[in-house]
Amino acid sequence: MCGIAGLFARDRQAPVDRSVLTRMRDSMTHRGPDGAGLWLAQGVGLAHRRLSVIDVEGSPQPMHSRDERTVIVFNGEIYNYRALRRELRQNGHRFSTEGDTEVILAAWREWGSRCLERLDGMFAFAIYDRNSRKLFLARDRFGVKPLFTATLPDGTFAFSSELKGLLAHPALEREVDPLAIEDYFTWGYVPDHRSILKGVEKLPAGHFMVVEHDMAPRPPERWWDISFADRHHMHEADEAEVIHSHLCDAIESRMVSDVPIGAFLSGGVDSSTVVALMSDLSDRPVTTCSIGFDVAGLDETAYARRIASQFSTDHHERMVDPAMFDRIDALAAMFDEPFADASALPTAEVCALARQHVTVALSGDGADEAFAGYRRHVFHAGEENARKWLPAGLRRKVFGPLAAIYPKADWAPRPLRARSTLHALALSGEEAYASALSVMGPRDRAAIFSPSMMRTLGGYRAEQPLIDLMRAAPARNGLDRAQYADLKFWLPGDILTKVDRTSMAVSLEAREPLLDHRLVEFAACLPKARRVFGGEGKYALKRAMAGDLPADILHRPKQGFVLPIAQWFRTDLRDTARAAVRSERLLDSGWFDADALSGLAEDHIAGRRDHARELWQLVMLERNMSLLSNN
């Protein structure tokens with residue numbers, strides 16, 4: 001696991017500033033504390049920070065091909081590199097190292113951009129071809145590994161694993177994009193189709209791009225997509241067997257490491273699945289790490305301990321409480337962009353705990369998106385059944401007005417919030433799912449934004465890209481489209497960003513075996529009833545693991561990995577909430593209505609409404625703006 005950066009001049013004869021490229025690279029020392037490399041030629045420079053995991057003593061980067069024609073910087077892991085190396089050797093390629101980086105170089109020389117289809121792993125890399133003088137950049141299927149890009153005022157193309165790498169370049173313009181603020185208050189993060197700064201972009205997951213001298217960068221090209229358009233026609237027992245086999249293969253391939261390896265364990269289905277199969281595949285106790293909370297209703301450590309005991313793991317725990325809030329500035333610094341998924345704090349804590357014991361940790365991320373494990377999937381599937389039988393016009397006329405007059409019940413579980421259900425049924429499936437995913441709806445955002453901010457947005461609505469994505473999805477039904485949106489929008493923008501930044505901040509490599517593309521592709525073809533059945537999600541995965549995990553672990557209600565921030569903002573952190581809404585940095589931006597922000601805090605503290613997520617967004621945005629202004 002590593003950090004990469006590079007500069008590619010518009011003028012092929014232009015020199016690259018070594019000191020600037022070095023600053024870009026070393027702003028990400030946390031991503032690679034074990035080594036640093038730099039390579040420059042006319043018009044191009046590549047930089048690398050290394051966290052040694054495979055071929056610890058070899059494989060320095062930037063790495064050259066044997067004939068010196070190509071140079072690569074690479075962040076990630078290729079799990080099938082040994083099989084690829086054997087195939088490439090049969091085709092005449094020779095290798096000097098035992099790692100996966102050299103295999104990517106040879107694969108690119110052998111198959112060009114089609115090599116990406118053969119790579120099983122998580123990656124972002126850049127290859128420079130000294131013959132064609134072109135730069136080739138690529139990102140893995142799901143966007144596990146990040147890649148930020150920007151074209152600087154003089155036409156130089158810059159890239160980096162994190163935004164802080166680009167911020168280290170003095171020529172980068174630092175103008176905040178108001179559309180990103182609208183996106184952020186809708187989703188709680190800045191999605192991959194945008195960045196917080198104008199002129200900065202993210203290479204989309206499953207895409208590659210080519211950059212040439214004397215030309216503007218070409219638009220990224222998609223090399224992989226997930227399809228929900230087909231269906232398996234298998235007996236349930238056979239499906240379960242195939243899923244179990246895919247799970248074992250995915251986990252075994254991700255256990256290859258030359259450094260200590262362990263797993264995150266929450267006691268939920270997904271992390272318990274990983275730990276159970278790791279234990280079967282390992283000849284020594286698996287190291288497991290868990291985080292608990294000082295609020296009983298959110299604490300899962302008892303379940304984690306039970307799994308740890310069942311599989312005799314080397315188990316470690318840490319508790320999260322309001323006192324850890326003093327680490328908020330460090331948390332904000334991990335992300336560069338504003339990021340308000342409150343589970344980032346406990347995720348950062350479990351990564352820090354894991355790093356005390358291992359260098360690589362396997363997570364359970366991805367199963368909810370692939371197998372329909374979120375409660376919103378269950379609700380959406382039920383709502384879609386109702387939409388199937390009720391005409392859209394009738395739903396708008398009947399359910400819309402009912403939702404408007406029905407009492408709001410933020411405190412109640414979703415199934416008991418009739419207003420939410422009525423509102424969802426009045427909308428199309430795509431609009432309703434966008435609403436379910438959002439932190440703040442259009443009316444709530446308009447209530448806190450200033451009139452000048454609303455004019456600047458010019459009618460842009462952050463939900464529309466998600467709605468468009470769902471409508472164009474290769475899918476058969478509403479649940480398909482919801483999962484497609486999760487995999488393409490929510491997963492790279494929120495979940496994988498969270499895990500990448502918090503793990504790499506402590507130089508820990510996190511691997512996601514449940515995002516093995518063959519497993520996800522198989523899950524996408526499962527019939528709807530194998531995903532959501534009997535009011536419960538992840539039916540097929542639970543059936544596949546029935547012989548490995550206790551029934552009460554498999555079927556207990558899903559519990560999110562979240563902070564008790566609603567309670568904290570009314571007690572220990574109420575002064576923090578008030579300080580955030582009165583921040584000069586936020587109010588001077590011109591984006592907000594000061595009275596509306598103050599009302600959010602006071603209504604929450606008094607217990608009249610639950611605005612915890614909105615207050616957390618404001619806190620994280622304020623911290624992020626401070627970081628941007630200091631760069």
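Contact here means heavy atoms within 4.5 Å. The model described is a predicted one.

Helix α20 is a convenient place to start. This helix spans residues 517-524, and 6 of its 8 residues are buried, so α20 is largely enclosed by the rest of the structure. The buried positions are His517, Leu519, Val520, Phe522, Ala523 and Ala524. Their cover includes four other helices: α6 (236-253), α11 (367-371), α19 (478-504) and α21 (528-531).

A pair of helices comes next. Helix α25 (residues 574-581) and helix α27 (residues 594-605) have axes that come within 8 Å and cross at roughly 165°. Because angles over 145 degrees count as roughly antiparallel, α25 is roughly antiparallel to α27. The crossing of the two is right-handed. On the α25 side, the contact is made by Arg574, Ala577, Arg578 and Val581, which meet Leu597, Ser598, Ala601, Glu602 and Ile605 of α27. Sorted by class, this contact has 5 nonpolar, 1 polar and 3 charged residues.

Asn624 lies in helix α28, which covers residues 612-630. How large is the relative accessible area of Asn624? The value is 1%, and since buried means under 20% relative accessible area, Asn624 counts as buried. Leaving aside residues up to four places away in sequence, Asn624 touches Ile196, Asp336, Glu337 and Pro338.

The strands can be taken sheet by sheet. One open sheet of 6 strands runs in the order β2-β3-β1-β9-β8-β10, with antiparallel pairing. At its edges stand β2 (35-41) and β10 (200-202); each has a single partner strand, so one side of each is left without a neighbour in the sheet. Neighbouring strands of this sheet are turned against each other by 15° on average, direction ignored. Helix α1 (residues 18-26) packs on the sheet, where it touches β1 (2-8), β2, β3 (44-50) and β9. The direction of α1 makes about 150° with that of β2. Within the sheet, strand β8 (residues 148-151) pairs with strand β9 (residues 157-160) over 4 bridges in the antiparallel sense. Phe148 has Ser160 of β9 as its bridge partner.

Another open sheet of 6 strands has the order β4-β5-β6-β7-β11-β12, and its pairing is antiparallel. Its edge strands are β4 (63-64) and β12 (221-222), each of which pairs on one side only. From the β4 edge, the sheet can be followed strand by strand. β4 and β5 are joined over 2 bridges in the antiparallel sense, and Met63 has Ile72 of β5 as its bridge partner. The hairpin of β4 and β5 has 5 residues between the strands, and in it Glu68 takes a positive phi near 70°.

Strand β5 (residues 70-78) is mostly covered, with 9 of its 9 residues buried. On the way to the next strand, β5 pairs with β6 over 9 bridges, again in the antiparallel sense. Here Ile72, the partner of Met63, stands opposite Ile127 in β6. Strand β6 (residues 121-129) is in turn joined by 6 bridges to strand β7 (residues 134-139), and these two run antiparallel. In that pairing, Ala126 is matched with Leu137 of β7. In a regular strand the side chains alternate between the two faces of the sheet.

How values were computed. Residues numbered from 1 in each chain as written. Predicted model: local features only at pLDDT ≥ 70, side-chain atom pairs only at ≥ 80, totals over all residues. Heavy atoms only, no water. Axes fitted to C-alpha atoms, helices over the stretch in contact; angles between N-to-C directions. Parallel < 35°, antiparallel > 145°, perpendicular 65-115°, else oblique. Left-handed = near helix turned anticlockwise from the far one by under 90°. Nonpolar A, V, L, I, M, F, W, Y, C, P; charged D, E, K, R; others polar. Buried < 20%, exposed > 50% of the residue type's maximum accessible area, 1.4 Å probe, protein only. Pairing = 2+ DSSP bridges.
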